[in-house]
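Trainee: Please take one part of this protein, the lining of a pocket, and go through it closely. After that, set it against the rest of the chain, step by step.

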Amino acid sequence: MTTDAYLIDKARVRRSFDRAAGTYDAAALLQREVRERMLERLDLVKLAPQAVLDAGCGTGHASAALSARYRQSQVISLDIAMGMLKKTMAARSLVQRLFGFDRRHAVCADIERLPLAAASIDLVWSNMAIQWCNDLDQAFGEIQRVLKPEGLLMFSTLGPDTLKELRAATRQDDTHVTVSRFIDMHDIGDALVRAGFNAPVLDVEYFELTYDDVMGVMRDLKAIGAHNAAEGRHRGLQGRGFLQQVQARYESFRRDGKLPATYEVIYGHAWKPQARVALPDGLSPVQFRPRASSST
């Protein structure tokens, strides 16, 4: 019996993103903008990775950008939906496919269960995919496991204010979920520390997309595959009356002739610490440092 109504139905997530693979790029404006901002942040990091994991790669634009940036690296594109991976691999040029210039690989898997060897990845990149994980400790634990010592995790995800207008407009009772639960930045930071990451850095940026009507909000969410996948969702059709209620409630948010859809985007990065040398009980490491020169 399910005790958490917000538990994400991964099979539904997989089906939704599979179906959305053909419409994703045209509607994923926010994902594209956040990806570009993450790449700008990566400019500030001196890194020469041999292996890169794009966790939750979608249609593969970040994989392509990372592959172009780190030309000597193996880039692994990982997604829960096979349809997204097919788009990712199909986007490679004919020359790249024929002559093997492109060093990208595709893996269909869940971020919470990475089918990769421990300490095999130098950089884990994840753009707006972690919010689909049920257990953040499990997800960060898996990422920490596959990272090499001193490897970098860079990610973005969604915070609690995301789609607050739609959440308010669709709320019917306390037992059914209409919009996913998004985790607070501070709780994400705590999860990174529990997973063993060093000095995680997080910050938040708000985006507001605007629409002529609430159906536009819903069309965009459907186009990118972001369906309500909570176990506590309504399972049957809710009818025209429910839709009319949602439209009427959402109208209370209209400003300057437009309806807003708020997204709270959380950016984060953290390093896996250097491996410690195991010493027998009773022994502790001693460091020798050069003696400071004395003034005369």
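**The lining of the second largest pocket**

Mentor: Sorted by class, the lining of the second largest pocket holds 12 nonpolar, 3 polar and 2 charged residues. Keep in mind that the model is predicted. The lining has 17 residues, and those nearest the centre of this pocket are Gln131, Cys133, Asn134, Arg181 and Ile183. The volume of the pocket is about 230 Å³.

Next, where does the lining come from? Helix α7 and strand β5, which covers residues 147-158, each give at least two residues to it. Strand β5 has the largest share, with 3 residues.

Helix α7 deserves a look of its own. It runs over residues 136-146, and Glu142 is part of it. Is Glu142 buried or exposed? Its relative accessibility is 11%, and because the cut-off for buried is under 20%, Glu142 counts as buried. If neighbours up to four places away in sequence are set aside, Glu142 touches Ile111, Glu112, Arg113 and Leu114. One charged residue in this helix is therefore covered, by the accessibility cut-off, even though its side chain is not a nonpolar one.

The stretch around the end of α7 and the start of β5 also meets a loop. Ala119 sits in the loop between β3 (104-108) and β4 (121-127). Beyond its neighbours up to four places away in sequence, Ala119 touches Arg145, Val146, Leu147, Lys148 and Pro149. From Ala119 to Gly151 the C-alpha distance is 8.7 Å, although the two are 32 residues apart along the chain. Ala119 has a relative accessible area of 38%, so it is classed as partly exposed.

On the other side of β5 comes another loop, the one between β5 and α8 (164-170), and Leu163 lies in it. Leu163 is not a glycine, yet its phi is positive, at about 55 degrees. Most residues other than glycine have a negative phi. With 7% relative accessibility, Leu163 counts as buried. For a contrast, take Asp256, in the loop between α11 (239-250) and β7 (259-271). Asp256 is also not a glycine, and its phi is positive at about 50 degrees. Asp256, however, counts as exposed, because its relative accessibility is 82%.

Now compare the pocket with an enclosed space. How many cavities of 30 Å³ or more does a search of the whole structure find? The search finds 1. The largest cavity has a volume of about 80 Å³. Residues lining the largest cavity include Ala27, Leu29, Leu30, Gln31, Tyr211, Asp220 and Tyr263. Two or more residues of this lining come from each of α3 (29-42), β6 (198-211) and α10 (214-223). Helix α3 gives the most, 3 residues. The classes here are 8 nonpolar, 1 polar and 1 charged.

Helix α3 also contains Arg32. Arg32 is partly exposed, since its relative accessible area is 42%. The C-alpha atoms of Arg32 and Asn127 lie 9.2 Å apart, while 95 residues separate the two in sequence. Asn127 turns up again among the contacts of Val34, along with Met128, Ser156, Phe207, Val265 and Tyr267, once neighbours within four places in sequence are left aside.

Val34 leads to the nonpolar cores. The largest of them has 34 residues, and Val34, Leu42, Leu66, Trp125, Tyr250 and Tyr263 have the most contacts inside it. A second core, separate from it, has 30 residues, among them Leu114, Ile143, Val146 and Phe155. Two names here were met earlier: Leu114 is touched by Glu142, and Val146 is touched by Ala119. In soluble globular proteins, nonpolar side chains tend to be buried together.

Last, the whole chain. The protein has 11 helices and 7 strands. It has 296 residues, 44% of them counted as buried. Of the contacts between residues at least 6 apart in sequence, 81% join residues at least 24 apart. The accessible surface is about 16200 Å², and carbon and sulfur atoms account for 52% of that surface.

Key
Residues are numbered from 1 along each chain as its sequence is written. This is a predicted model: local features need pLDDT of at least 70, side-chain atom pairs count only at pLDDT 80 or more; totals for chains, interfaces and linings use all residues. Side-chain values use heavy atoms; hydrogens and water are left out. A nonpolar core is a set of buried Ala, Val, Leu, Ile, Met, Phe, Trp, Tyr and Cys residues joined through side-chain atoms within 4.5 Å. Buried means under 20% relative accessible area, exposed over 50%, partly exposed in between (1.4 Å probe, protein chains only). Contact means heavy atoms within 4.5 Å. Helices (H or I, at least four residues) and strands (E, at least two) are DSSP runs, numbered from the N terminus. Accessible areas come from the Shrake-Rupley method with a 1.4 Å probe; for residues, only the protein chains shown count as cover. On a 1 Å grid over the protein atoms alone, a cavity is a set of points where a 1.4 Å probe fits but cannot get out, and a pocket is an open set with protein on both sides within 12 Å along at least five of seven lines; lining residues have an atom within 4 Å of a point. Grid points are joined across faces, edges and corners, and a volume is the space filled by probe spheres set on the points.
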